[in-house]
Amino acid sequence: MEVIKTEIEGVVIIEPRIFKDARGYFFESFSQREFDEKVGHVEFVQDNESMSSYGVMRGLHFQRPPYTQAKLVRCVRGKVLDVAVDIRKGSPTYGRHVAVELTEDNHRQFFIPKGFAHGFAVLSETAVFQYKCDEFYHPEADGGISILDNSLGIDWRIPTEHAILSEKDTKHPLLKDFDSPFDFKH
């Protein structure tokens, strides 16, 4: 696998080595040994999968301490724009984001460390999205910032009139009204 660094330290894009022939393709979607060597040690404990249709926007979510989550995400069918926003107080990149297109064809994965809000927008007719988490889900620790916060400067590539959000995701605060539970550690 190749690890592509982004403009925010710790947030990386992973491109697997894909072996293709007349039968199709094969790749290792996850290797603990290789992940430890090239990204760092993260012990994943829960895998999730969602299916969504065009225009669905999920996020920007995080889990509050002590149940913070790092995530390794990928799109196994369709196409999504996946985004990580730095919400660590005191971070030199606070409020900045990294966006990456994840598709069934590029097989890219995106690693989002603890201290980031995460969300995605479905750009294809449907998308199946998978993510590995290093902490179990705790509903009482749910947190979020508004996925439609213009101050974040995210081009979701979905016209606002086609955006489909859950009721919960329409109630998250804007970044300027948000008191982050995360501190930046040097």
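In this predicted model, Thr93 has a relative accessibility of 11% and is therefore classed as buried, since the threshold for burial is a value under 20%. Thr93 is located in the loop that links strand 9 (88-89) and strand 10 (97-103). Its side chain makes a polar contact of 2.5 Å with the side chain of Asp86. When residues up to four places away in sequence are set aside, Thr93 touches Asp86 together with Glu7, Ile8 and Arg88. Asp86 thus appears both among the residues touched by Thr93 and as its partner in the polar contact.

The strand arrangement was examined next. An open sheet is built from six strands, which follow the order 1-2-11-7-13-5 with antiparallel pairing. The edges are occupied by strand 1 (2-5) and strand 5 (46-53); each has a single partner strand, so one side of each lacks a neighbour in the sheet. From one strand to the next, the twist averages 25 degrees. At one of these edges, strand 1 is paired in the antiparallel sense with strand 2 (residues 12-15) through four bridges. Within this pairing, Lys5 lies opposite Val12 of strand 2.

Aromatic side chains were also considered. A pair of aromatic rings is described by the distance of the centres and the angle of the planes. Nine aromatic pairs are present in the structure. One of them joins Phe30 and Phe35, whose ring centres are separated by 5.7 Å and whose planes make an angle of 45 degrees, a tilted arrangement. The two residues were assigned to separate accessibility classes: Phe30 is partly exposed, at 28% relative accessibility, whereas Phe35 is buried, at 1%. In the pair formed by Phe120 and Phe129, the centres are 4.0 Å apart and the planes stand at 25 degrees; this pair is stacked because the angle is under 30 degrees. Phe120 is buried, with a relative accessibility of 3%, and Phe129 is likewise buried, at 0%.

Phe30 and Phe35 also belong to one aromatic cluster, which includes Phe44 and Phe111. In addition to its place in this cluster, the ring of Phe30 lies beneath the charged end of Lys132, which sits over the ring at 5.0 Å from its centre. Phe30 is therefore a partly exposed residue that takes part in a tilted pair with Phe35 and has the charged end of Lys132 over its ring.

Key: Residues are numbered from 1 along each chain as its sequence is written. This is a predicted model: local features need pLDDT of at least 70, side-chain atom pairs count only at pLDDT 80 or more; totals for chains, interfaces and linings use all residues. Side-chain values use heavy atoms; hydrogens and water are left out. Two strands pair if DSSP finds at least two bridges between them. Helices (H or I, at least four residues) and strands (E, at least two) are DSSP runs, numbered from the N terminus. Axes are lines fitted to C-alpha atoms, for helices over the stretch in contact, and angles run from 0 to 180 degrees between N-to-C directions. Buried means under 20% relative accessible area, exposed over 50%, partly exposed in between (1.4 Å probe, protein chains only). A polar contact is a pair of N or O atoms within 3.5 Å; within protein, one must be able to donate a hydrogen and the other to accept it, and residues adjacent in sequence count only if both atoms are side-chain atoms. Contact means heavy atoms within 4.5 Å. Rings of Phe, Tyr and Trp (its six-membered ring) pair if their centres lie within 6.5 Å; planes under 30 degrees apart count as stacked, over 60 as edge-to-face and the rest as tilted. A charge sits over a ring if NZ of Lys or CZ of Arg is within 6 Å of the ring centre and within 35 degrees of the ring normal.
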